[in-house]
Every structure is written in C-alpha cells, then in structure tokens.
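Take a look at the chain below. This report starts at its surface and then works inward.

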Amino acid sequence: MIGLSVFGDLLHGFGTVLDPMNLLWAILGVTLGMLVGILPGIGPALTIALLLPITFNFSDPIGAFILFAGIYYGAMYGGSTTSILINTPGESASVATAIEGHKMALKGRARAALATAAIGSFVAGTISTVLLTFVAKPIGSLASHFQATDYFAITLLAMVAVTALVGHSLVRGLLSLVVGLFIGLIGLDSLSGAPRYTFGTLRLLDGIDVVIVIVGLFAIGETLHVASKLRSTPERPAVLEKGRLRTGYLNKSDWGRSWKPWLRGTALGFPFGAIPSGGAEVPTFLSYSIERRQARKKGRDEFGDGAIEGVAGPEAANNASFSGVLVPLLTLGLPTSATAAVMLAAFQIFNVQPGPQLFEDQSTLVWTLIASLYIGNLILLIMNLPLIQIWVQVLKVPRPLLYAGILVFACLGVYSLSGSGYEVLMALVIGVAGFFMRKLDFPIAPVILGVILGPTMEEQFRRALVISNGDASVFVTRPLSAVIIVLTVLALFVPYLPRIVARIRGTRPTRDRLTFGEDD
C-alpha cells in the first residue's frame, strides 16, 4: 500500500513538473547548474545564494525549488568538465575526478573521461532518486513522533558533525560555528521579546536576514577569494587547443571497467549525503580509494596515469550524494551541506518548514521537487556531451569581467530585498569577513548552519526544559536523545581517527583530505 501511495504521489508530481512553465524552470536550472559547475570557484551554493533575492518575486515556490534543484544537480555534472579538461575542479567534490580525469585528457581520452562522468552521474542520479522516492516519506512519518529533546539532539549532531568534517582544523570549524550561532541570535528573543546583541541599534532588532548572510559569505566572499587567485590559475583549456577533445567516446573495455564503479559510487554517495558528513567530498574520495584498491587486486593499477575507474566511481558518488542530502533536508529540516543550508533558507523565504509535516502540508511541492530530479537527470544526460564545446568557450570569458559582474549582481540582489543601502553595506562587510575566513582556512559551511539551525536548536532546547520543568537530565534519560548526543560526541573525534589508526599501525597519515587515496 505504501508503494502504491508513493507511486500515485510521484505521478502527481510528474504532472506538475511537466507543466510547460515548470519544465522551463527545470531546463533553465540544469543549464545554469552546468554553467556554474564548469566555471572554477562558482558552485551551486553561490549561484542559489545569488538567486535567493529574486525568488521573492515568485508567487509559487514550486518553480523556485525546481530551479534550485536543477542548479544543484547540474553543478554536479558540470564540475567534472573543468576537472578533466584543465585540472581545475569547479566544485570541491570534483577534486577526486581531476586526479585521473585530467591524466586521461592529456593522453587524448578526454571524451571518454567526460562520457563516463556523464553516464555515471545519470546512473547514480536515477538510482539515488528512486531511493529518495521510497525512503523519504517513511522517514518523515517516523520523525513525526520525535519530541523536543530529539530535535535538539539531531540539530546539535548536524552542526557538530558537519563542522568536524569540513576543513582541516576542528578548532577553526568550531569557531566558525560559534560565529554563525552569534549571528543567528541577533535580534529580539522569540520568547521574552528582549533585544539580544543589537548594541543599541534599532536596525538589528529584526536580526540579520539569512539571505544577507548567505549572499555575503558566498556570492561576495567566495568571489573575492576566487578573484584573488586569478593569476595562479590557467587562462584557457590547453587540452582543447591541442585537439585532444576530438577522440572517441567509451569503447567496450571502458564500459566493462566503468559499470561496477558507477554502482559502488552510488552505494557510497546516497548514504553519505543523507548523514551529516560535510557534503560530497567524503564519499568521492572514499570511492576513489576503493576503486584504486579494486584495481590493484586485479593487477591493473593505472591510477595516477589516467584510470577510468577513478573518474567513474567518484562522479557517481558525487551525484548520488545530492539525493541523499534531500532526505534529512525534507524530512527533518536538517541541511548536511552548505548548498542544502542555502536551500533551507529558500524554504524559509516561502514560509515552508521542512520536517515531518512537510509531506502532509506541502505534498505537491515535495513530490514535484522529487519528480523534477528525474526530469533534470534525463535533460542533463541529453545536454551534457553535445554542449561541451560551448562550455569550453565560456571558460575563455575574461575572468575579471565575470567576477565583477557577480559582485554587482549580488549587491543588486541584496538591495532588491528592501531597497536599503544599509543591508548592502552589511552584505559587503560580511563578504569581506568571508574572504578573510577563506584566506585563513576557516570553513564557511558551519557559519551558515549556525545562522539557520541555531535559533531552531535554542527553541527546541528551551521547549524541552519547559516541558521537563527545568530538569536538564531529560536530554539523556530519553533513549533516542541520549544515543544522538553520544554520536555527537563521537563526531568530534572522527577527524582524529586516521591519525590514531596510523599511530597504531606505525604509519604516517595523510595531512589533508585532498590527498585522500593517494600515496604518501
């Protein structure tokens, strides 16, 4: 009965997304996503942040979320293009693809590398979306029985786990989280009405709009950071200039070596996306490591010299992680990546609260969003390879003009929120702070999580204390809350596990996650 109900809801979602206007949003979203995925340094989080102010003009949130989902999905595809052609990942999750993909391109097999990335992304996206279709609603029903203590514990786990796993320093990650929590608490206390951290400024009584924070950190801060490194990145794709993009696609041997990595990457990407793991970087590098070990077992270790398995597996894991990210986002209202946090802000703009009741209160929105993933995945497969030549031409756009345009568009977007120059100035200040955070290797994602989830965590914490008459032991006497809090504590030690294991084995651990899977 559950399967029939889900099937009926999904058909209704397809009926909505195939409306000509919604289909146009899907096509526009995946096209923009591929574009921003290809442009180095401009990822889906930045793009959705730029478009958030525009969505205030949408009368119906369905079109906005179809657009955003298409951008996210398309960026997963597009990031592999620059990784393979010019060894410059458009997204951090595409770094693993660059290791083998660019070597394949230099050997004249760029089209084969691009093809296995595109097909692997389609396979992984389709399978993971099917899994999302059938697990999201039951998880949402289960979550409807959660209490305030459970929500507090889950929110705490999401923030701590993502903070512990992004970046290279737990201390820097926690400091970024504290900054986000501070920003999220600025304004009037929701229970007492007392002003907090306003410093006597009336403009801060309503707090700092999350859109301003997101646009400042991503659209302005990220752009300043990328622009500061323009001289150290290649100007044009040398692989194309040498004519190495004109060779054939996948041969029979390539198909035989790719299909198992596609499936293994999918099996890794979906669950890692669904848990607070810091995004798609962990499953992509884990997939790379697994494929390398599998190749060694078969006596065919081409890794480091253009192994096609090193492209197929990570790209499948990368794409599958997105559908996994939507599971906690839709069912619990918990983002497990920076882009998911930006999408959560978009939900809040339309007064839609993701969580257990979402499938009941906004059934059409949810199932249309899920159906749009199937449609977008198919559109991307059709568009990806034929448009490679066009995307490469986009890479030749003068980058100073490109990033200057992004900054102007970001400021106009913030100004459109209220017509206030004060908010534009605030976004610029936050953007400059974000730039220095990147320079000093402070991760951005914990700030966004703190801003968005901080008020929710505080509300659930205080609600739990009110229900228990101030007895703090309620957080450890309820079994589910106690287990989640224990997992939260363990998450703090996860970054140190490789070092501990290496010390036990008497070997030297890799120093950062970007070298995961490579020889020391």
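The surface that the chain exposes comes to about 21,800 Å². Carbon and sulfur atoms supply 65% of that area. Keep in mind that this is a predicted model.

Now count the parts. The chain has 23 helices and two strands. It is 520 residues long, and 55% of them count as buried. How do the contacts run along the sequence? Take the contacts between residues at least 6 apart in sequence: 80% of these join residues at least 24 apart.

**Nonpolar cores**

The largest nonpolar core has 116 residues. Six residues have the most contacts inside this core: Leu52, Phe68, Ile214, Phe218, Phe322 and Ile448. A second, separate core has 18 residues, including Leu85, Leu250, Trp262 and Ala312.

Look at Ile214 in the largest core. Leaving aside residues up to four places away in sequence, Ile214 touches Ala49, Leu52, Ala219, Val342, Ala345 and Ile448. Leu52 and Ile448 are also on the list of residues with the most contacts inside the core.

**Two buried residues in helices**

Thr116 is found in helix H6, which spans residues 110–143. Is Thr116 buried or exposed? Thr116 counts as buried because its relative accessible area is 0%, and the cut-off for buried is under 20%. What surrounds this residue? Not counting residues up to four places away in sequence, Thr116 touches Leu250, Ser258, Trp262, Ile308, Val311 and Ala312. Among these neighbours, Leu250, Trp262 and Ala312 belong to the second core of 18 residues.

Leu365 sits in helix H16. Leu365 is buried too, with a relative accessible area of 4%. Its touching partners, again not counting residues up to four places away in sequence, are Pro61, Ile62, Phe65, Phe347 and Val352. Pick out Phe65. Leu365 and Phe65 are 300 residues apart along the chain, yet 8.3 Å separates their C-alpha atoms.

**A cavity lined by helices**

Why roll a probe over a model? Rolling a probe the size of a water molecule over the atoms shows where empty space is left. A search of the whole structure finds two cavities of 30 Å³ or more. The second largest has a volume of about 40 Å³.

Which residues line this second largest cavity? They are Ala26, Val30, Ile66, Ala69, Gly70, Tyr73, Ser372, Leu373 and Gly376. Three helices each supply at least two residues of the lining: H2 (20–38), H4 (61–86) and H16 (363–384). H4 gives the largest share, four residues. By class, the lining has six nonpolar residues, three polar residues and no charged ones. Helix H16 is also the place of Leu365.

**Positive phi in two loops**

Two residues have a positive phi although neither is a glycine. The table sets them side by side.

| Residue | Phi | Loop between | Relative accessibility |
|---|---|---|---|
| Tyr197 | about 55° | strand S2 (195–196) and helix H9 (210–227) | 42% |
| Asp441 | about 65° | helix H19 (421–439) and helix H20 (445–467) | 34% |

Are these residues buried, partly exposed or exposed? Buried means under 20% and exposed means over 50%. At 42%, Tyr197 therefore counts as partly exposed. At 34%, so does Asp441.

How values were computed. Residues numbered from 1 in each chain as written. Predicted model: local features only at pLDDT ≥ 70, side-chain atom pairs only at ≥ 80, totals over all residues. Heavy atoms only, no water. Buried < 20%, exposed > 50% of the residue type's maximum accessible area, 1.4 Å probe, protein only. Contact = heavy atoms within 4.5 Å. Areas by Shrake-Rupley, 256 points an atom, 1.4 Å probe, with all protein chains shown as cover. 1 Å grid on protein atoms, 1.4 Å probe; cavity = no way out; pocket = protein on both sides within 12 Å on 5 of 7 lines; lining within 4 Å. Points joined across faces, edges and corners; volume = space filled by probe spheres on them. Nonpolar A, V, L, I, M, F, W, Y, C, P; charged D, E, K, R; others polar. Core = buried A, V, L, I, M, F, W, Y, C linked by side-chain atoms within 4.5 Å.
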